[in-house]
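Student: Please take a close look at one part of this structure with me, the sheet, along with the loops and helices that go with it. I would like one connected account that I can follow on the screen.

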Amino acid sequence: MSATAQPAPVMIGEHEVGPDKPVYVIGEIGINHNGDVEIAKQLIDVAADAGAQAVKFQKRTPEISTPKDQRDKIRQTPWGEMTYLEYKYKVEFEQDEYAEIDAYAKSRGLHWFASPWDVPSVEFLERFDAPTYKVASASVTDTDLLRALRETGKPVILSTGMSTLEQIDAAVEILGTDGLVILHATSTYPLPAEEANLRTITTLRERYGVPVGYSGHETGLQISLAAVALGAVAVERHITLDRAMWGSDHASSLEPKGLENLVRDIRILEEALGDGRKRVMPGEFSPMSRLRRIDG
């Protein structure tokens, strides 16, 4: 792929995700619902009210996805003291909760999908016919999971935090480039500006020839907006009702007003970027007639 060629857009549901298309905004709920489906619904409302296109969850089979050396570690939680494995089960939604989420997200006009962390979770999520799947940065090297996702035939969004180009190469080899969207990410929570490395968006787009977006873990909006200015076709940000809530991801999440402002500013940027053709704009004719002494 030449440096100037634009990758073809990927269809995710009814949305085209790619260059010169509206930025696909994903509100990452993750586990910020704290195991409560009512909080999940409130976060779906936050995303819908802000004008996002999708919300994303995480789906795990805890006895598979929880590292063995972490399972028995004791955690202090809002439900009391428990092992890390017990905590993982506490915040995991199953069939009934996801059926509620499925119906509610559709009622608000949103896509919903998830990052499966193991093969049984892919099989579980297939029951709901989500429009896409997300590969979490932690799963880039999980070849069994990648193969299971490829076999679904659905578009795949691949996050690339804490990954080398060689590891991404191997993942893309399994997933293929048809229906693939890559997200540049840095898995530091919260993300300091000096680790954002946003020019990697261009590197990934030129290397793989697929649409590239951005998954951010920073506080504030500036870095995500800069990613859009650099060509990100999708933006994913964690969302929360309150950054002071208990849980590991809340502090690096956007509150409702923050997400609303992000979507607003992304839409302004889309208009402001233009088509790159230099010409005199309509609003310039009046100043030109008043200020120029010589035509031309």
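Tutor: Proline 190 lies in the loop that links β10 (180-185) to α8 (200-208). In this predicted model, the peptide bond leading from tyrosine 189 into proline 190 is cis, and its omega is near -15 degrees. If you have the backbone displayed, have a look at that bond in the loop after β10.

Now follow β10 into the sheet. β10 is one of 8 strands in an open sheet, whose order is β7-β4-β3-β12-β11-β10-β9-β8, with parallel pairing. Which strands stand at the edges? They are β7 (111-116) and β8 (133-135); each has a single partner strand, so one side of each has no neighbour in the sheet. From one strand to the next, the twist averages 25 degrees.

Let us move inward to β12, residues 234-238. How many of its residues are buried? The count is 5 of the 5, so β12 is largely enclosed by the rest of the structure. "Buried" here means under 20% relative accessible area. In a regular strand, side chains alternate between the two faces of the sheet. In β12, Ala234, Glu236 and His238 belong to one side and Val235 and Arg237 to the other, and all of them are buried, so both faces are covered. It is worth noticing that Glu236, His238 and Arg237 are among these buried residues.

β12 also has a partner on each side in the strand order, β3 and β11. Strand β3 (residues 24-30) runs parallel to β12 and is joined to it by 5 bridges. Along that pairing, glutamate 28 is opposite histidine 238 of β12. With strand β11 (residues 212-216), β12 pairs in the parallel sense through 3 bridges. There, serine 215 has glutamate 236 of β12 as its bridge partner. So that you can place them again, histidine 238 and glutamate 236 are both on one side of β12.

Leave β3 at its far end and you enter the loop between β3 and α1, where asparagine 34 is found. Asparagine 34 has a phi near 55 degrees, a positive value in a residue other than glycine. Is asparagine 34 buried or exposed? With 13% relative accessibility, asparagine 34 counts as buried. Set beside it aspartate 129, in the loop between α5 (119-125) and β8. Aspartate 129 also has a positive phi, near 55 degrees, in a residue other than glycine. Aspartate 129, however, is exposed, with a relative accessible area of 57%.

On the other side of α1 (37-50), the loop to β4 holds glutamine 53. Glutamine 53 has 14% relative accessibility and counts as buried. What does glutamine 53 touch, leaving aside residues up to four places away in sequence? Its contacts are His15, Val23, Tyr24, Val25, Leu110, His111 and Arg267. Glutamine 53 and arginine 108 are 55 residues apart in sequence, yet their C-alpha atoms are 10 Å apart in space. After this loop comes strand β4 (residues 54-59), which runs parallel to the edge strand β7 and is joined to it by 6 bridges. In that pair, glutamine 58 is opposite serine 115 of β7.

Among the helices, α6 (residues 143-152) and α7 (residues 165-175) pack at an angle of about 35 degrees, their axes 8 Å apart. The crossing of α6 past α7 is right-handed. Thr143, Leu146, Arg147, Leu149 and Arg150 of α6 meet Ala171, Ile174 and Leu175 of α7. Sorted by class, this contact has 5 nonpolar, 1 polar and 2 charged residues.

Finally, step back to the whole chain, with its 11 helices and 12 strands. Its radius of gyration is 21 Å, close to the 19 Å from the globule rule for 296 residues, so the chain is as compact as a globular protein of that length. Buried residues make up 50% of the 296. Of the contacts with a separation of 6 or more, 66% come from residues 24 or more positions apart.

Note on methods:
Residues numbered from 1 in each chain as written. Predicted model: local features only at pLDDT ≥ 70, side-chain atom pairs only at ≥ 80, totals over all residues. Heavy atoms only, no water. Axes fitted to C-alpha atoms, helices over the stretch in contact; angles between N-to-C directions. Helix = DSSP H or I, 4+ residues; strand = E, 2+ residues; numbered from the N terminus. Left-handed = near helix turned anticlockwise from the far one by under 90°. Contact = heavy atoms within 4.5 Å. Nonpolar A, V, L, I, M, F, W, Y, C, P; charged D, E, K, R; others polar. Pairing = 2+ DSSP bridges. Rg over C-alpha atoms; globule rule 2.2 N^0.38 Å. Buried < 20%, exposed > 50% of the residue type's maximum accessible area, 1.4 Å probe, protein only.
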